[in-house]
Amino acid sequence: MAELKEADAAQLHQEDVDIKRRDGGDAPSAADQTAGQTEKNEAAADSDNKPSTTTAERHISIQTKLEGLELLVDLNGAGRKSCPLCPEEKFKACYSHKLRRHLQNLHWKVYVEFEGQRMCICHLPCRNLKPSLSGDQASGRHVAHYHCVVCSVTIARKTDMISHLKRHVNKGETEASYSGSSDVPFEEPAPSGQAYEIMKELGTNVQLLPNHTTPQKSDTYFNRKMKTNRQLVFCSLAVLAEERNPLECLDAFGATGIMGLQWAKHLRNAVKVTITDISDTCVKMIKENCQLNHIRVDGGSRGPRGPDGAGGEVEGTPIATVEVAKMDANVIMHLRPFDYIHLDPFGTAVNYLDAAFRNVRNLGIISVTSTDTSSLYSKSPNVTLRHYGCHIVRTEYYKELAARMVVATVARAAARCNKGIEVLLAVALEHFVLVVVRVLRGPTQADESAKKLRKLVHCQWCEERVFLKLGNMVDDTLPCNCHGSLPGKTAVQLGPLWAGPLFNTGFLRRMLSAAVQHSMDDIQPLVKTLICESECTTLKSLVHGPSALTNQVECGVVIKTLQSGDEAADQSGKRKTGDESGNVVKKLKSDASLEHPPFYYSIHRHSIRGMNMPKLNKFLQYLTEAGFRVSRTHFDPTGVRTDATLVQFKSVLTKYSVPTYTNATATQTSVSAEKTL
């Protein structure tokens with residue numbers, strides 16, 4: 001039977017060839033015939049694999065231009081014509097000029113655009129009848145709707161269609177993926193089959209999916225607004241790498257892997273970077289980004305990271321090695337010790353703090369990024385109480401309140417593991433709260449950190465605030481007299497919060513040097529502001545050279561850092577005596593004990609009605625002349641951090657404010673004097 005079928009097929013093929021020879025003149029060669037037949041077969045196979053929603057099969061309401069909609073009916077002909085998108089009972093046949101206005105004002109005016117295709121509104125009976133008020137579907141009416149250009153579904157409302165198209169984009173399903181006229185073969189929506197966007201940040205290239213801006217629907221989420229956060233974390237790691245190396249570093253939530261790749265690309269052999277994520281899509285994306293940056297991928301084994309290790313080799317010599325693992329963040333932090341851990345989940349990080357402090361090495365650093373700003377900034381107090389165990393209200397210093405609340409949560413998690421913390425950096429900006437702490441092992445350090453968790457007494461009238469000391473009564477705590485002059489209760493207890501300092505000056509100075517070294521111009525003004533805020537001074541005499549790097553004391557532990565070349569030459573071959581070294585430690589302890597005052601006052605919040613305030617820099621000078629420590633703060637551009645009480649703050653502000661009617665009074669006086677003359 002098979003031989004008979006082959007013979008019949010050969011005979012039919014020969015007859016077709018003879019017909020073509022008679023009609024076309026010159027006969028093509030046998031090779032051309034075979035190639036043509038192969039192309040036809042491949043084209044037929046491709047047409048079978050592609051979706052059925054082709055350009056020819058799209059609904060007539062989907063057009064690219066208004067002229068295409070008008071071509072559906074012959075508007076140049078005579079007589080009455082019906083609308084191609086409306087039934088006869090809805091829009092009766094009319095002349096060409098009325099039909100043209102109808103198509104333009106009704107159908108085309110409310111179109112939904114997607115990748116150059118306009119989906120006009122359709123009134124044809126494409127959907128089921130909408131039931132009438134009596135529930136009878138037969139007596140109902142047809143609903144106006146749109147036809148999706150991607151999946152051909154019908155949707156009634158324009159806003160719903162826009163949301164429907166956004167879901168297609170988030171899944172990577174676009175109009176080109178479903179088009180039958182496309183020359184690109186159809187592929188399933190996978191990371192390797194989607195259109196990438198290459199983004200470069202700090203010399204590191206990463207591939208981004210089309211839906212990288214939607215964290216709830218994308219595995220490889222990337223936020224461009226978090227660039228400041230990534231640079232601050234990088235500088236803190238660079239400072240730790242100067243103290244000791246190599247460091248075991250963990251980027252627990254890799255996503256695109258940009259943060260871990262920046263560590264490996266710029267710090268090279270000083271760090272051993274591990275990037276983890278629970279998503280297969282993210283792990284695959286991270287490995288592709290490693291190849292894009294000529295970084296060798298280690299498959300996740302704990303063995304030595306030599307050239308024989310498993311992983312994807314890139315062309316040429318790799319500049320660094322990164323370990324990429326598909327693992328839950330809590331699991332890997334319980335299994336392995338690290339020197340530096342960065343936690344940046346979507347939302348709160350409280351679920352990962354216990355695992356982070358479990359195996360972190362002594363004098364290691366943990367950086368925590370919290371993006372749940374609604375609960376941190378007092379917009380959802382019930383969520384705040386549930387996640388952080390703190391009671392807070394909206395205040396003028398709500399950003400610092402959020403930072404101290406996160407630090408308090410971190411301190412409690414460290415204390416459960418018999419560890420204490422030293423806060424190196426706490427930054428609260430519009431989109432995130434970043435806290436960087438150094439871990440100090442031992443129950444003594446844990447007790448010292450726990451003692452710095454206190455309640456805050458806040459006056460809801462004047463917004464004066466003070467930390468509640470142990471054993472003190474609430475009524476005698478606030479320096480204001482609002483509870484005596486105003487009816488009802490005026491003070492509330494907030495917290496518990498971190499009552500210690502939020503910055504370490506020596507660490508911030510070394511971060512500034514790292515930012516200058518790696519050409520991070522964006523965060524240098526912020527780090528300078530943090531240094532002035534930590535010292536509570538307006539002086540900005542900051543030295544970027546190596547002579548500015550000195551020893552720093554963190555909870556009594558001296559961290560040795562780089563020194564200038566002359567000092568290193570003088571001290572080579574010598575050892576300080578016990579008295580000299582003891583004097584240095586005492587001096588550094590005395591310098592470190594000068595903590596910055598907690599919280600700040602907003603000059604606009606406490607302005608006097610009918611008075612013109614002085615300029616902010618002038619007002620800082622007036623407070624300094626009055627004998628108070630003063631500085632600006634990164635939490636609020638109009639905030640002033642000072643050790644003065646609110647009464648003293650207002651007295652200085654009132655003294656140097658000018659009435660707004662001074663100029664008007666002077667003008668009236670001059671006019672009256674002229675009339676008298």
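Helix H21, residues 646-655 of this predicted model, has four buried residues to look at: Leu 646, Phe 649, Val 652 and Leu 653. Looking down the axis of H21, these buried residues stay within an arc of 130°, so they line one face of the helix. Turn to the other side of H21 and there are Val 647 and Lys 655, both exposed. As for what the buried face sits against, the buried residues of H21 pack against three elements: strand S21 (601-602), helix H20 (616-625) and strand S24 (639-642).

Two of those H21 residues, Phe 649 and Val 652, also turn up in a nonpolar core of 22 residues, along with Cys 459 and Tyr 622. That core is the second one, and it is separate from the largest. The largest nonpolar core has 110 residues, and the members touching the most others are Met 333, Phe 357 and Ile 421. Helix H13, spanning residues 398-416, is the top contributor here, putting 11 residues into this core.

Phe 357 gives a good idea of how things are wired up in this part of the protein. Leaving aside residues up to four places away in sequence, Phe 357 touches Ile 366, Val 410, Ala 413, Ala 414, Cys 417, Lys 419, Ile 421, Val 437 and Val 439. One of these partners, Ile 421, is itself among the three residues that touch the most other core members.

Then there is a charged residue tucked away inside. Arg 438 belongs to strand S15, which runs over residues 433-441. With a relative accessible area of 0%, Arg 438 falls under the 20% cut-off and therefore counts as buried. What does the side chain of Arg 438 make a polar contact with? One partner is the side chain of Glu 243, at 2.9 Å. Another is a backbone atom: the oxygen of Leu 363 lies 3.1 Å from a polar atom of the Arg 438 side chain.

Zooming out, the protein has 677 residues, and 44% of them count as buried. Its secondary structure adds up to 22 helices and 25 strands. Among contacts with a separation of 6 or more, 65% come from residues 24 or more positions apart. On the outside, the accessible surface comes to about 35,100 Å², with 51% of it belonging to carbon and sulfur atoms.

Methods: Residues numbered from 1 in each chain as written. Predicted model: local features only at pLDDT ≥ 70, side-chain atom pairs only at ≥ 80, totals over all residues. Heavy atoms only, no water. Helix = DSSP H or I, 4+ residues; strand = E, 2+ residues; numbered from the N terminus. Buried < 20%, exposed > 50% of the residue type's maximum accessible area, 1.4 Å probe, protein only. Contact = heavy atoms within 4.5 Å. Areas by Shrake-Rupley, 256 points an atom, 1.4 Å probe, with all protein chains shown as cover. Core = buried A, V, L, I, M, F, W, Y, C linked by side-chain atoms within 4.5 Å. Arc of directions from axis to C-beta. Polar contact = N/O pair within 3.5 Å; in protein donor to acceptor, adjacent residues only side chain to side chain.
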